[in-house]
Amino acid sequence: MGTPQQHPQARRGDTRRRIQKVALELFAEQGYEKTSLREIAERLDVTKAALYYHFKTKEDILSSIAEDLAQPLRDLIAWAEGQPHSLATKQELLRRYSDILWSTVDLFRFIQENQATVRELTVGENFRNSMKALGELLKDPAAPIAAQVRSVTALFAMHAGMFVTQNVEGDPEEKRAAILEVALDLVAQAEASVLTG
């Protein structure tokens with residue numbers, strides 16, 4: 001009995017994912033600007049024409065990778081906009097954001113380490129817009145400035161925490177939990193200062 005034939009669409013999806021994975025590895029190793037489509041094709045052991053069938057440019061590859069982060073962020077923003085503006089909602093938003101970050105950790109690290117390049121691409125603009133929207137959902141515009149700063153800093157503490165802990169020994173889940181704990185604490189402090197202020 002033979003193995004079932006894989007549907008051509010499924011094979012195409014697998015190839016796209018392989019291209020994305022290899023491209024992201026190369027972008028991380030040698031930088032986005034210094035990586036060529038030819039090098040990506042060579043690493044994949046395919047012709048440049050085969051690669052070109054799926055993606056016309058490096059930015060196309062990067063944009064398709066970034067969509068893995070963009071859609072969950074859009075879903076998170078839509079969810080949070082429909083919730084009460086409470087501490088519980090803000091903390092749940094941070095928990096869900098943590099899940100998104102850690103599920104796309106390689107892409108996130110690439111964005112962090114290649115900010116100058118990413119800033120010039122559509123990917124960068126989309127990411128900035130998402131961060132701005134999440135920041136607005138976390139802060140209370142009527143709160144004192146220090147509380148607003150704490151709320152938005154919670155988001156960026158997660159980014160900094162991921163960056164800093166990549167060179168720290170320890171269990172990845174413990175590091176993730178510690179980063180989330182700091183972020184949750186910041187929004188709780190912001191909320192407490194509003195209530196006592």
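This passage looks at the nonpolar core, a few individual residues, the aromatic pairs and a surface patch. The model is a predicted one, so local features are held to a pLDDT of at least 70 and side-chain atom pairs to pLDDT 80 or more, while totals for chains, interfaces and linings take in all residues. Residues are numbered from 1 along each chain as its sequence is written, and side-chain values rest on heavy atoms, with hydrogens and water left out.

The largest nonpolar core has 51 residues. Such a core is a set of buried Ala, Val, Leu, Ile, Met, Phe, Trp, Tyr and Cys residues joined through side-chain atoms within 4.5 Å; buried means under 20% relative accessible area, exposed over 50%, and partly exposed in between, using a 1.4 Å probe and protein chains only. Helices H1, H2, H4, H5, H6, H8, H9 and H10 each give two or more residues to this core, and H4 gives the most, with nine residues. Helices here are DSSP runs (H or I, at least four residues), numbered from the N terminus. Ile-40, Leu-94, Tyr-97, Leu-107, Phe-110 and Leu-134 have the most contacts inside the core. Take Leu-94: its partners beyond four places in sequence include Leu-138, Ala-154, Met-158, Leu-180 and Val-187, where a contact means heavy atoms within 4.5 Å.

Phe-108 sits in helix H6 and counts as buried because its relative accessibility is just 1%. Leaving out residues up to four places away, Phe-108 touches Leu-101, Phe-127, His-159 and Met-162. Its C-alpha lies 9.0 Å from that of Ala-66, although the two residues are 42 apart in sequence. Over in helix H4, Ser-64 is buried too, because its relative accessibility is 14%. Outside its neighbours within four places, Ser-64 meets Arg-16, Gln-20 and Phe-55.

As for aromatics, the whole structure turns up three pairs, a pair being rings of Phe, Tyr or Trp (its six-membered ring) with centres within 6.5 Å; planes under 30 degrees apart are stacked, over 60 edge-to-face, and the rest tilted. Phe-27 and Tyr-32 pair edge-to-face, at 5.0 Å centre to centre and 65° between the planes. Both of these residues, Phe-27 and Tyr-32, are buried, and together with Phe-110 they make up one aromatic cluster.

On the outside, Phe-163, Val-164 and Val-168 make a nonpolar surface patch of about 260 Å². Patch residues have over 30% relative accessible area and no salt bridge (a side-chain nitrogen of Lys or Arg within 4 Å of a carboxyl oxygen of Asp or Glu); like charges are joined within 9 Å and nonpolar side chains (Val, Leu, Ile, Met, Phe, Trp, Tyr) within 5 Å. Val-164, from helix H9, counts as exposed because its relative accessible area is 53%.

Note on methods. Areas by Shrake-Rupley, 256 points an atom, 1.4 Å probe, with all protein chains shown as cover.
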